[in-house]
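Subject: Handover of a model, with notes

Hello,

Please find the structure below. My notes on what turned up in it follow straight after.

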Amino acid sequence: MRERLIGYQDQDLKILEKKHRQRMRFFLHRSVSMEWFQRLILLGASPIRVGLVLRLKMILEGKDIITLTTSGLSDFGITRQQKWKGLKALREEGLVGIESRPGKNPKVTLIDPPLEKKEVR
């Protein structure tokens, strides 16, 4: 049996359907919004690499906050300097929040949908 989609006549239902279709748009994974990805892809090589590995780890672990280790990124050919360069650019773009302590790996929080640049701390 095939599902049949019926056009809604009620204006409120049309709005709900439009919002549903916007939420259902994804590219890499259903948890990666197009807006987040479009903002990421405009950054340089290090932020893109760190951002994609970060999202992969978050999807695999099922968390929105992870501790990003240098050894975990070295499996993908990302150095410590590239990690911090990428994280700084991601934070400035409003894609992630970073809680860092001296001598410890940063805890990275995903921000999706991304913040506007003026809202970034």
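I66 faces V108, a residue of β3. Strand β1 (65-67) pairs with β3 in the antiparallel sense, over three bridges. Two strands count as paired here if DSSP finds at least two bridges between them. Strands and helices are DSSP runs numbered from the N terminus: E over at least two residues for a strand, H or I over at least four for a helix.

This is a predicted model, so local features need pLDDT of at least 70 and side-chain atom pairs count only at pLDDT 80 or more, while totals for chains, interfaces and linings use all residues. Residues are numbered from 1 along each chain as its sequence is written, and side-chain values use heavy atoms, with hydrogens and water left out.

The sheet

The open sheet has three strands, in the order β1-β3-β2, with antiparallel pairing. β1 and β2 are the edge strands; each has a single partner strand, so one side of each lacks a neighbour in the sheet. From one strand to the next, the twist averages 25°. Axes are lines fitted to C-alpha atoms, for helices over the stretch in contact, and angles run from 0 to 180 degrees between N-to-C directions.

β2 and β3 are joined by four bridges, again in the antiparallel sense. G97 has T109 of β3 as its bridge partner. I98 is bridged to V108 in β3.

Which residues of β2 point to the buried face, and which to the other? V96 and I98 are on one face and buried; G97 and E99 point to the other and are not buried. Buried means under 20% relative accessible area, exposed over 50%, and partly exposed in between (1.4 Å probe, protein chains only). β3 has two faces as well: V108 and L110 are on the covered one, K107 and T109 on the uncovered one.

Helices on the sheet

α3 packs on the sheet and touches β1, β2 and β3, its direction making about 85° with that of β3. Contact means heavy atoms within 4.5 Å. α5 lies across β2 and β3 and runs at about 125° to β2.

α3 covers residues 45-61, and its 17 residues should span 24 Å at 1.5 Å a residue; the end C-alpha atoms are 24 Å apart, which agrees. The expected span is 1.5 Å times one less than the number of residues. Buried in α3 are S46, P47, I48, V50, G51, V53, L54, R55 and M58. Their cover includes α2 (34-41), β1 (65-67), α4 (70-74), α5 (80-92), β2 (96-99) and β3 (107-110). G62, just after α3, takes a positive phi of about 70°.

L56 also lies in α3. It counts as partly exposed because its relative accessibility is 37%. The C-alpha atoms of L56 and V32 are 9.8 Å apart, with their positions 24 residues apart along the chain.

In α2, the buried residues are W36, F37, R39 and L40. They sit on the same side of α2, because they cover an arc of only 165° around the axis. That arc is taken from the directions from the helix axis to the C-beta atoms. α3, α5 and β3 are among the elements covering these residues.

The core

The largest nonpolar core holds 21 residues, and those with the most contacts inside it are L40, L54, L68, L90, L95, V96 and V108. A nonpolar core is a set of buried Ala, Val, Leu, Ile, Met, Phe, Trp, Tyr and Cys residues joined through side-chain atoms within 4.5 Å. α2, α3, α5, β2 and β3 each give two or more residues to this core. α3 gives the most, with five.

What does L95 touch, leaving aside its neighbours within four places in sequence? Its contacts are W36, R39, L40, L43, L90, T109, L110, I111 and P114.

The chain as a whole

There are five helices and three strands. Along the sequence the pattern is α-α-α-β-α-α-β-β. The chain has 121 residues, of which 29% count as buried. Among contacts with a separation of 6 or more, 53% join residues 24 or more positions apart.

Best wishes
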